[in-house]
Amino acid sequence: MPKHEFSVDMTCGGCADAVSRVLSKLGGVEFNIDLPNKKVSIDSEHSADTLLATLNKTGKAVSYLGPK
């Protein structure tokens with residue numbers, strides 16, 4: 001499965017929970033949230049655009065860092 005890395009402006013556990021919630025709803029993803037570095041690594045067959053749109057639902061600033 002392709003791995004993608006995103007920068008997400010998370011400041012607390014609640015932010016990380018929001019990210020976890022939207023990704024879990026999407027389905028077909030395995031992810032790791034690195035709160036101190038504000039990064040989310042995602043293993044998924046979904047396109048980077050789909051993942052980006054999903055992460056944007058959290059209302060946080062999100063940017064695609066590229067494949068990992």
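I read the order of elements along the sequence and got β-α-β-β-α-β. That is two helices and four strands, taken as DSSP runs numbered from the N terminus, with H or I over at least four residues for helices and E over at least two for strands. The model is predicted, so to speak of local features I need pLDDT of at least 70, while side-chain atom pairs count only at pLDDT 80 or more and totals for chains, interfaces and linings use all residues. Numbering runs from 1 along each chain as its sequence is written, and side-chain values use heavy atoms, with hydrogens and water left out.

**Overall dimensions.** I looked up the radius of gyration next: 10 Å, close to the 11 Å that the globule rule gives for 68 residues, so the chain is as compact as a globular protein of that length. The radius is taken over C-alpha atoms, and the rule is 2.2 Å times the number of residues to the power 0.38. Along the principal axes, I noted a C-alpha trace spanning about 30 × 20 × 15 Å.

**Burial and contacts.** I found that 35% of the 68 residues are buried (under 20% relative accessible area; exposed is over 50%, partly exposed in between, with a 1.4 Å probe and protein chains only). Of the contacts between residues at least 6 apart in sequence, 63% join residues at least 24 apart; a contact means heavy atoms within 4.5 Å.

**Surface and charge.** I noted about 3,800 Å² of exposed area, 49% of it supplied by carbon and sulfur atoms. These areas come from the Shrake-Rupley method with a 1.4 Å probe, and for residues only the protein chains shown count as cover. For charge, I compared the mean positions of the 8 positive and 8 negative charges, which lie 6 Å apart. Lys and Arg count as positive, Asp and Glu as negative, with His and the chain ends not counted; the places used are NZ of Lys, CZ of Arg, CG of Asp and CD of Glu.

**Record.** I checked UniProt, where an unreviewed entry places "domain: HMA" at residues 1–63; such annotations may be inferred rather than shown by experiment, feature names are shortened, and positions are in the numbering used here. Over residues 1–63, I read 37% helix and 32% strand, with the end C-alpha atoms 20 Å apart.

**Two residues.** I looked at Lys38 in the loop between strand 2 (29–34) and strand 3 (39–44). Lys38 has a positive phi of about 55° although it is not a glycine, and it counts as partly exposed at 30% relative accessibility. I then went to Asp17 in helix 1 (residues 13–26), partly exposed at 48%. The C-alpha atoms of Asp17 and Gly59 are separated by 13 Å, with their positions 42 residues apart along the chain.
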